[in-house]
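Hi there,

Here is the structure I promised to pass on. Have a look at it first, and then read on for what turned up.

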Amino acid sequence: MPELPEVETIARNLCLGTQQQPSLVGRHILGANLLWGRTLVEPSPVEFSQRIEGQVIEAIDRRGKFLYFQLTCDWLLFHLRMSGDLVVQRLDSPQKTHDRLVLPLEGELELVFNDARKFGRVWLVEEVDRVVGHLGPEPLDESLTPAIFFTKLQSTRRQLKPLLLDQPFLAGLGNIYADEALNLAKLHPLIISNTLAEAQAASLLQSIRTVLRDGIARNGASIDWVYRGGDFQNYFRVYQRTGKPCQECGTLIARIIVGQRGTHFCPQCQPPLSSMEVSHG
Ligand SMILES: [Zn+2]
């Protein structure tokens, strides 16, 4: 499932263009062809087509794992979930099996939302917070200071791994980057959040930022069956490295299930009850 660095990469490519596709910013949307009704959360399909036609794409960016297009009057949002993909192609290209929504654009182009597993969702709303207002802070936003992050961790009694995946707590992290950040911070995934010392909380925030920035710099990870183009998967410290040696200490990477999610960690570098130690990672 695409996480913050993958969605950031997709937004950047749509915004700036790539060698394969031009930028979409500044282009008129000429209409809408909805091929799978449940992809669209709101408004109704008829209203969607009427409202979106003629609007200009002013900006393309990301909030958490949501991709958004700021239009003349409205916000067009996508959540890619398991298998959603946004493709820019020439107008009237042959339709593919899992195409769910096609938006013809000026310049003989079309933006296609393709989604084999049908979990992806689309919204067209006047007020963006209707869709993303529940999200917690952006981890790369410097207004999230170590002191604020420590207070947030202190305010709840939850295991670190599920807490980091909780989008109202912190936006954008998924299974890959949560495991990588906890390893870099030398914190066991089951440590209870309010037992962390202030220095450990600061280390965790710093580690989250490091793995996200590394992921973005490598255009994300291409392990999902749809997302492609990044190579961060070649630099994983623990994720999907079960049974392989830790790069720091040689101990074999372990895998446990936490909150129904496979969780990878080094039993030596990430001891279970390290709340009395200060990480120097
Ligand atoms: Zn280790």
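What volume does the second largest pocket have? It comes to about 210 Å³. Please keep in mind throughout that this is a predicted model. Fifteen residues would be a long list to go through, so here are the ones to click on: among the 15 residues that line the second largest pocket, Met1, Glu3, Gly174, Asn175 and Arg261 lie nearest its centre. Two elements, α6 (175-184) and β11 (261-265), each give two or more residues to this lining. By type, the lining of the second largest pocket splits into seven nonpolar, four polar and four charged residues.

The largest pocket has a volume of about 380 Å³. Its lining is made up of 16 residues, and those nearest the centre are Ile10, Asn13, Gln21, Leu86 and Arg228. At least two lining residues come from α1 (4-16), and at least two from β6 (84-90). Here the division is six nonpolar, eight polar and two charged.

Next, the metal site. A zinc ion is coordinated by the SG atoms of Cys246, Cys249, Cys266 and Cys269, at 2.3 to 2.4 Å. Along the chain, these donors follow the spacing C-x2-C-x16-C-x2-C. The arrangement counts as tetrahedral because the angles subtended by the four donor atoms around the zinc ion run from 101 to 112°, and the criterion asks for all angles to lie between 85 and 135 degrees. Of the donor residues, Cys266 and Cys269 are both buried.

Now for the packing. In soluble globular proteins, nonpolar side chains tend to be buried together. In this model, the largest nonpolar core holds 33 residues, and Phe149, Leu204 and Ile208 touch the most other members. The elements giving two or more residues to this core are α4 (146-154), α5 (160-165), α6 and α7 (198-217). Of these, α7 provides the largest share, with seven residues. You will recognise α6 from earlier, as it also gives two or more residues to the lining of the second largest pocket.

One last residue to look at is Gly31, which sits in the loop between α1 and β1 (33-34). Is Gly31 buried or exposed? Gly31 counts as buried because its relative accessibility is 9%, and the cut-off for buried is under 20%. Gly31 and Leu111 are 80 residues apart along the chain, and their C-alpha atoms are separated by 11 Å.

Best wishes

Notes. Residues numbered from 1 in each chain as written. Predicted model: local features only at pLDDT ≥ 70, side-chain atom pairs only at ≥ 80, totals over all residues. Heavy atoms only, no water. 1 Å grid on protein atoms, 1.4 Å probe; cavity = no way out; pocket = protein on both sides within 12 Å on 5 of 7 lines; lining within 4 Å. Points joined across faces, edges and corners; volume = space filled by probe spheres on them. Helix = DSSP H or I, 4+ residues; strand = E, 2+ residues; numbered from the N terminus. Nonpolar A, V, L, I, M, F, W, Y, C, P; charged D, E, K, R; others polar. Donors = N, O, S within 2.8 Å, 3.2 Å for Na, K, Ca; no water. Tetrahedral: all angles 85-135°; square planar, octahedral: opposite > 155°, others 65-115°. Buried < 20%, exposed > 50% of the residue type's maximum accessible area, 1.4 Å probe, protein only. Core = buried A, V, L, I, M, F, W, Y, C linked by side-chain atoms within 4.5 Å.
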